[in-house]
Amino acid sequence: MEKSLYFEFVQKYFPQLVTSVVEKIKGSVNGLRPYMYNQYLTKKFSADGRWASVTAEYTRVAADVVSMDSELPLKSRDKIATVEGNIPKSGMKLYISEKELKDLDSMIAQNLPEPQVVQNMFADLPRCIQGIYERIEDIFLSELSSGVALASRSGGTGVRFDIGFLEKNKFGHGTSDWTNADTATPLDDIQKVYDQAMDDQNTITTAFLDDYTIKLLGNSKQVREQFAFNRGLVITAESKVPVLSDQIASIFEDKWQTKLVRVSKTIKTELNGVKGTHNPWAKGHITFTCYDNLGDLVWTNVAEVTRPVAGVTYQAADEFILASRYSTNDPLREFTNSQAMVIPILNNVDAIYSLSMLKSKYFDH
């Protein structure tokens, strides 16, 4: 690795461009942040490079009433479990080819406006930084929907770990599959989740689901009739309730005082030069949560923070991303690089409930 071929430009613009890219990517759109993990996770530094998820099965037991000078009865302690592992590394790099370098040199020689030159010179920077955010969202949505964190279509060794959704908190459909709109009973299936939460002394506040599940709920005869009942509509053979979409949120609010969150995210990847897309949310799954904060975005420093390579220009982005710029020869190339050691981790999984409308009930409850 060698110093950037455009070191004067890098020295002048690289730090502020990194900052502006992060601000733009993380900026809110209509009051909402573009990445869901930013809304539900708290950033947390790990000095030893490991992550841990703590599950505590807390139970609220009423105190005993005893007479004066009597011994207090001994109660059992709550159970605490920990899932842990090493924080994986993710990264991305792009290069400016010899032909593109000649084009840049030509722009500089023609004294074109500096902003135009800079825009072309640092065009790869937003992609490199956003690629880290995309992978975090990929893992987070996979983890939240199924309890298993995956990094699909990754050029490295990949990530797969089970965060440990409790078996008793996993549910499926009843006797009829949700794809049968006339006979399915999705509201009955969902009610079983709320009954379990009540037994656990938990209060469900949010339900996350994908477009596929929303479509099946909107087609369901039971759901449409519930909506009509809530609105005081009279159903006849001639006046059927139409297929629902956005109205489903009102059913969750009226029946269970739960906020409905639609998850619609496609991750674009490139593996061995082949581009592809995938949906990280487990199809047909609903995840029910009881807290606004779902866990931590655990990060640690990459090796080059404390062992910088000579000639490379570095700049931290959003604390946990290390962006860099450098050149190589044979062939001559100018690289933009990003790397991070970061992982989204769910906590309090004993207060997370999962329902798959594609599977018959997971377990007998």
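**Stop 1: helix 1 and helix 5**

The crossing of helix 1 and helix 5 is right-handed. To see it in this predicted model, select residues 7-26 for helix 1 and residues 125-146 for helix 5. Look along the pair and you will find the two axes 10 Å apart, at an angle of about 45°. That angle is neither under 35 degrees nor in the 65 to 115 range, and helix 1 and helix 5 are therefore oblique to each other.

Now show side chains. On the helix 1 side, pick Phe14, Leu17, Val18, Val21, Val22, Ile25 and Lys26. Their partners in helix 5 are Leu125, Pro126, Ile129, Gln130 and Tyr133. Colour this contact by class and you get ten nonpolar residues, one polar and one charged.

**Stop 2: helix 6 and helix 9**

Next, select helix 6, residues 186-199, together with helix 9, residues 248-256. Here the axes lie 13 Å apart and the packing angle is about 45°. Helix 6 and helix 9 are therefore oblique to each other, and their crossing is right-handed.

For the side chains that meet, choose Leu187, Ile190, Gln191 and Tyr194 from helix 6. From helix 9, add Ile251, Phe252, Lys255 and Trp256. The contact of helix 6 with helix 9 comprises six nonpolar residues, one polar and one charged.

**Stop 3: helix 6 again, now with helix 8**

Keep helix 6 on screen and bring in helix 8, residues 221-230. How do the axes of helix 6 and helix 8 cross? They come within 7 Å and cross at roughly 80°. Helix 6 and helix 8 are therefore roughly perpendicular to each other.

Zoom in on Pro186, Leu187 and Asp188 of helix 6, which make the contact with Gln222, Val223 and Gln226 of helix 8. By class, that gives three nonpolar, two polar and one charged residues. Leu187 is worth a label: it belongs to the contact with helix 8 and also to the contact with helix 9.

**Stop 4: two backbone details**

From helix 9, step along to Gln257, in the loop between helix 9 and strand 9 (259-263). Gln257 is not a glycine, yet it has a positive phi of about 55°.

Then jump to Pro331, in the loop between strand 15 (321-328) and strand 16 (333-346). Is the peptide bond from Asp330 to Pro331 cis or trans? It is cis, with omega near 0°, so display the backbone atoms of both residues to take a look.

**Stop 5: the cavity**

Rolling a probe the size of a water molecule over the atoms shows where empty space is left. In this model, a search of the whole structure turns up one cavity of 30 Å³ or more. The largest cavity holds about 40 Å³ of space.

Which residues line the largest cavity? Select Cys290, Tyr291, Asn293 and Leu294, then add Asn347, Asn348, Ala351 and Ile352. Colour the lining by class to finish the tour: five residues are nonpolar, three are polar and none is charged.

Key
Residues are numbered from 1 along each chain as its sequence is written. This is a predicted model: local features need pLDDT of at least 70, side-chain atom pairs count only at pLDDT 80 or more; totals for chains, interfaces and linings use all residues. Side-chain values use heavy atoms; hydrogens and water are left out. On a 1 Å grid over the protein atoms alone, a cavity is a set of points where a 1.4 Å probe fits but cannot get out, and a pocket is an open set with protein on both sides within 12 Å along at least five of seven lines; lining residues have an atom within 4 Å of a point. Grid points are joined across faces, edges and corners, and a volume is the space filled by probe spheres set on the points. Ala, Val, Leu, Ile, Met, Phe, Trp, Tyr, Cys and Pro count as nonpolar, Asp, Glu, Lys and Arg as charged, and the others, Gly among them, as polar. Axes are lines fitted to C-alpha atoms, for helices over the stretch in contact, and angles run from 0 to 180 degrees between N-to-C directions. Helices (H or I, at least four residues) and strands (E, at least two) are DSSP runs, numbered from the N terminus. Angles under 35 degrees count as roughly parallel, over 145 as roughly antiparallel, 65 to 115 as roughly perpendicular and the rest as oblique. Contact means heavy atoms within 4.5 Å. A crossing is left-handed if the near helix is turned anticlockwise from the far one by less than a right angle, and right-handed if clockwise.
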